[in-house]
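Let's take a walk through this structure together. Have the sequence and the 3D view open, and we'll start with the ligand before moving out to the backbone.

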Amino acid sequence: MTTSAAPRVVHARAPGKINVFLKVGALLEDGYHDVATAYQAVSLAEDVRAHPADDFSVSFSGTVDVSNLATDGSNLAIKAATLLARKAGYRSGVRLEIEKHVPIAGGMGGGSADAAATLLACDALWGTDLSREDLLELATQLGSDVPFAFTGGTAVGMGRGDQLSPALAKGQFQWVFAFADFGMSTPEVYRELDRHRDRHSQDIFPAEVQPHVDAIVLQALRAGDPHMLAEVLHNDLQAPALHLEPELGAVIELGESNGALAGMISGSGPTVAFLVADLDHALELQIALSAARLNVVRATGPVHGARLISD
Ligand code: C5P
């Protein structure tokens, strides 16, 4: 008698991120930039459910608008699943259901989180049982932010942002996010930064060849002190993002005049991240920004990286 195991579903979750500090070095020949960043994973997560299937497919639901997401081979979750199948010599496929809570093309690493959770879910579903190092290596091939979605917590990212070392962080930081109703293209924001640097090359210092994360940033994270961290939040992609979408400047100002310790563009934007002193300030700011008809979500960080969830 043969018994076949009941088809099962594997559920994995991975977090969105913010870059509390991001310095961008000069444009390299491969089209990338060396960066020095401090990442923090936040409590906005992507849930991936992987079902057995003969081929590869993905569908989306969630609290953000998922209507314009690609579901073909250009989707990063599909790329993650096919990359793992190829690496492990797995011959069948997967049906992915992704529940999204991280804004799309929002500068918070939502697609990267999908990819990281997909790697973990498919590895468990298929029993390919790759080592953590092998999965991280695949994550690196998928995108600069995918390794961090895998590891989570608080970390320094060098190189393309994919060479990670964990950073100590105490307690929980409170964040308020203003989501935009449009997305921004990361390559386009990097290109705008390069154009700006070219235009003003007479007046500004050349971009650092090997940028680094300022020690004071790591100290603020270690101290768990939001006031100290607010003083040193920095994002080199903020100016180019504001050039491309100037109205985001007013969102930052609105938050800062309603109790935020500091506001900044998250990653390549357009999400605006506000650091607040505590939960009371987070709730007050959420009310003020919502009254201005912004789409506002609260979150805390740091949180776990990609992990399996038992339903
Ligand atoms: O690695 P990822 O596919 O997420 O990068 C998307 C784009 O962002 C790259 O094609 C590049 O234009 C830009 N990028 C960069 N330097 C980095 C990371 C990303 O120029 N360190």
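Before we look at contacts, one term is handy: a polar contact is a pair of N or O atoms within 3.5 Å. Keep in mind, too, that this is a predicted model.

With that cut-off in hand, go to Ser 144. An N or O atom in the side chain of Ser 144 sits 2.5 Å from an oxygen atom of the ligand. Now look over at Tyr 32, where an N or O atom of the side chain is 3.4 Å from a ligand oxygen. Arg 160 joins in through its backbone: a backbone N or O atom of Arg 160 lies 3.1 Å from a nitrogen atom of the ligand. As for the overall cover, on its own the ligand has 450 Å² of accessible area, and the protein covers 75% of that.

So what else is around the ligand? The full set of surrounding residues is Gly 31, Tyr 32, His 33, Val 35, Gly 143, Ser 144, Arg 160, Thr 186, Pro 187 and Tyr 190. Sort that shell by character and you get four nonpolar residues, five polar ones and one charged one. The space that the ligand takes up is the largest pocket.

Where do these residues come from? Domain 1 (10–166) and domain 2 (173–301) each bring at least three residues to the shell. Zoom in on the individual elements and you'll find that β2 (33–53) and α5 (186–199) each supply at least two. Of the contributors, α5 gives the most, with three residues.

Now let's leave the ligand and check out a few spots along the backbone. Which bond links Gly 269 and Pro 270, cis or trans? It's a cis peptide bond, with omega at about 5°. You can find Pro 270 in the loop between β9 (262–265) and β10 (272–276).

Further along the chain, look at the step from Gly 301 to Pro 302: this peptide bond is cis, and omega is near 5°. Pro 302 belongs to the loop that runs between β11 (295–301) and β12 (307–309).

One last stop is Ala 105. Phi here is near 50°, a positive value in a residue that isn't glycine. To spot Ala 105 in the view, follow the chain out of β4 (93–100) and into the loop that comes before α2 (110–126).

Key:
Residues numbered from 1 in each chain as written. Predicted model: local features only at pLDDT ≥ 70, side-chain atom pairs only at ≥ 80, totals over all residues. Heavy atoms only, no water. Near = heavy atom within 4 Å. Polar contact = N/O pair within 3.5 Å; in protein donor to acceptor, adjacent residues only side chain to side chain. Areas by Shrake-Rupley, 256 points an atom, 1.4 Å probe, with all protein chains shown as cover. 1 Å grid on protein atoms, 1.4 Å probe; cavity = no way out; pocket = protein on both sides within 12 Å on 5 of 7 lines; lining within 4 Å. Sits in = over half its atoms within 2 Å of the grid points. Helix = DSSP H or I, 4+ residues; strand = E, 2+ residues; numbered from the N terminus. Nonpolar A, V, L, I, M, F, W, Y, C, P; charged D, E, K, R; others polar. Domains from an automatic or database assignment.
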